[in-house]
Amino acid sequence: MDSQPEQQEPRSYWKRWTKQDFFPEPTFQNLTSYKDALSHTPSRLKDRLLNRSSDSFELLHLPKQSEHHMKRCLTWWDLIWLGFGSVVGSGIFVITGEAALMVGPAIILSYAISGLSALLSVLCYTEFAVEVPVAGGSFSYLRIELGDFVAFIAAGNILLEAIVGAAGLGRSWTSYLASMINTNNTDFLRFRVSSLPEGFNLLDPVAVVVLLVANGIAMSGTARTSMLNWIASIASALVILFIIVVGFIYGKVENLRPFFPYGAEGVFKASALVYWSYTGFDMVANLAEEVKQPSKDIPVGMIGSMSLITVICCLMSLALVMMQKYTEISADAAYSVAFTAIGMNWAKYLVSICALKGMTTSLLVGSLGQARYTTQIARSHMISPWFALVHPKTGTPIYATILVTIASAIVAFFTSLDVLSSVFSFSTLSIFMCVAIALLVRRYYVKDVTANKDLVKFLVSLFVIIGSSIAIAALWNTNVRGWVWYFVAGVIWLSGTLWMALLPKQRVAKVWSVPLVPWLPALSIGINLFLIGSLGYVAFLRFAICTAVMIVYYLFVGVHATYDVAHQIDQQQSRTEEGSASSQVLL
């Protein structure tokens, strides 16, 4: 009797603690192999700079690294409320108070400008998410169109965004809870440690507990988390309607004067800050791998929810500055304190509960999205592939969720909200700008198809668009106020965009496409760069330091891991092709 080959039993999800599980690449097998890899860093870096991923690689090959598939369980209804739950709460209750102190009643204009920029970014994300419905979101999009290195820098900033965003929500959760107990002191539940530097000396254990609970729920399953989110979000929508109506009824028009206390500079600085209020939409794009019908559900879910959210943010910010003079608004718990100011003490509890509920749903949706793009980053081996594993029963990446949870809990425990918000805005704006650039590359350049002369023309026009956008931002932030220079820079921007519009497009979207290409993506690039320029020197410095750390990590770890994986796959494909050729010869 022929002996049957023994089938290897599947390994337990929880018993993956060997070195091979964390570092399976040949580079990290031993010290000798690592030293040899380091000696080839320049050639490997060149390889990674010049090579790009593909739609099929991100869609078909990388998900295999997770061993189990995520469950396709989301519809357009889920996406609308996931977008609502993520955005309304992550910013409007968190950052509006601080922004109103910077700009005054013109906060509504700041929200409108940021909302327009966010909507342009949503359009770019939607086209990518429909054509490449994977968990990686912007990481995968940039990896396909701009290459491995740019994608890694984006990945590092994506992780920074995830950690900082969740930490900021956790600390704001504490502030709103404290305002319900003691209105005059939103730091009531924190502990001051005088030996620590300013901005890092208010310890927040409540934020840590909230983060642990929210992420624990997200680990249990996507469908369950989505259901909890839309139930809570519908309740929040009713309270938001109450806030807007009461704000307009009891608000005072005289509180809107002066409307521009800090001029246009204040409007644009606040626009860069309140962009945080719109950033939850990228979490929806990161859930594309779990959407039942990406081509139909994603456009409705993302564009519909962002349009609604922009209107809500503008109306809520206007209601706030009508209820209370902008100089008296609380930076940490703006709406609760505002209702106390108009004599509706009972309403502050309703608002605080709504804010807490909104921030909780933001944490839930954020945890889902953050874990998914961390998973895709791990699938590419830029971080350990151990974090890419999907649990067979829950269909969720538990290890990736734990990674983001621990990191955000540590940051939330120490770091104040004002320090977090500037880092977050810079990372977010830079990623959205890169996605707009990637969309233009996708439309106008296809490897081995685009003629060299057309590629050169495209790159020149792209350089003109980016350069003129930077020039406008630099003029504004160096206090140049004559119209002549802005007119010149604007004409250059228009010329570069028009030149690109006259070039032949090399790819047409198959299902859903951004309208008015290249105009809308070019406008998105310009607005994002302008808002980045409004953030200030400290935000640039923090961003530069974080990016420098990421580059060091990439040179010593990331470039070698991704190089090994890419060339292992190339070798496997070559052997497969050779085997097929040999079989044909024998036949």
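In H6, Thr-96, Ala-99, Ala-100 and Val-103 meet Ile-107, Ser-110 and Tyr-111 of H7. Do bear in mind that this is a predicted model. From that helix contact, this briefing moves on to a buried serine and then to the second largest pocket.

**Where H6 meets H7**

- Sorted by class, the residues of the H6 contact with H7 are five nonpolar, two polar and no charged.
- Two packed helices are described by the angle between their axes and the distance between the axes.
- For helix H6 (residues 96-103) and helix H7 (residues 107-131), that angle is about 115 degrees, and the axes lie 9 Å apart.

**A look at Ser-362**

- Ser-362 belongs to helix H16, which covers residues 345-379.
- Is Ser-362 buried or exposed? Its relative accessible area is 3%, and because buried means under 20%, Ser-362 counts as buried.
- The side chain of Ser-362 has a partner: it reaches the backbone oxygen of Ser-86 at 2.9 Å.

**The second largest pocket**

- If you like to start with volume, the second largest pocket has about 450 Å³.
- Helix H9 (148-181), helix H17 (398-414) and helix H22 (537-586) are the elements that each give two or more residues to the lining of this pocket.
- Which element gives the most to that lining? The answer is H9, with seven residues.
- In total, 18 residues line the second largest pocket, and those nearest its centre are Gly-156, Leu-159, Leu-160, Ile-163 and Met-550.
- As for the chemistry of the lining, 17 residues are nonpolar, one is polar and none is charged.

Methods:
Residues numbered from 1 in each chain as written. Predicted model: local features only at pLDDT ≥ 70, side-chain atom pairs only at ≥ 80, totals over all residues. Heavy atoms only, no water. 1 Å grid on protein atoms, 1.4 Å probe; cavity = no way out; pocket = protein on both sides within 12 Å on 5 of 7 lines; lining within 4 Å. Points joined across faces, edges and corners; volume = space filled by probe spheres on them. Helix = DSSP H or I, 4+ residues; strand = E, 2+ residues; numbered from the N terminus. Nonpolar A, V, L, I, M, F, W, Y, C, P; charged D, E, K, R; others polar. Buried < 20%, exposed > 50% of the residue type's maximum accessible area, 1.4 Å probe, protein only. Polar contact = N/O pair within 3.5 Å; in protein donor to acceptor, adjacent residues only side chain to side chain. Axes fitted to C-alpha atoms, helices over the stretch in contact; angles between N-to-C directions. Contact = heavy atoms within 4.5 Å.
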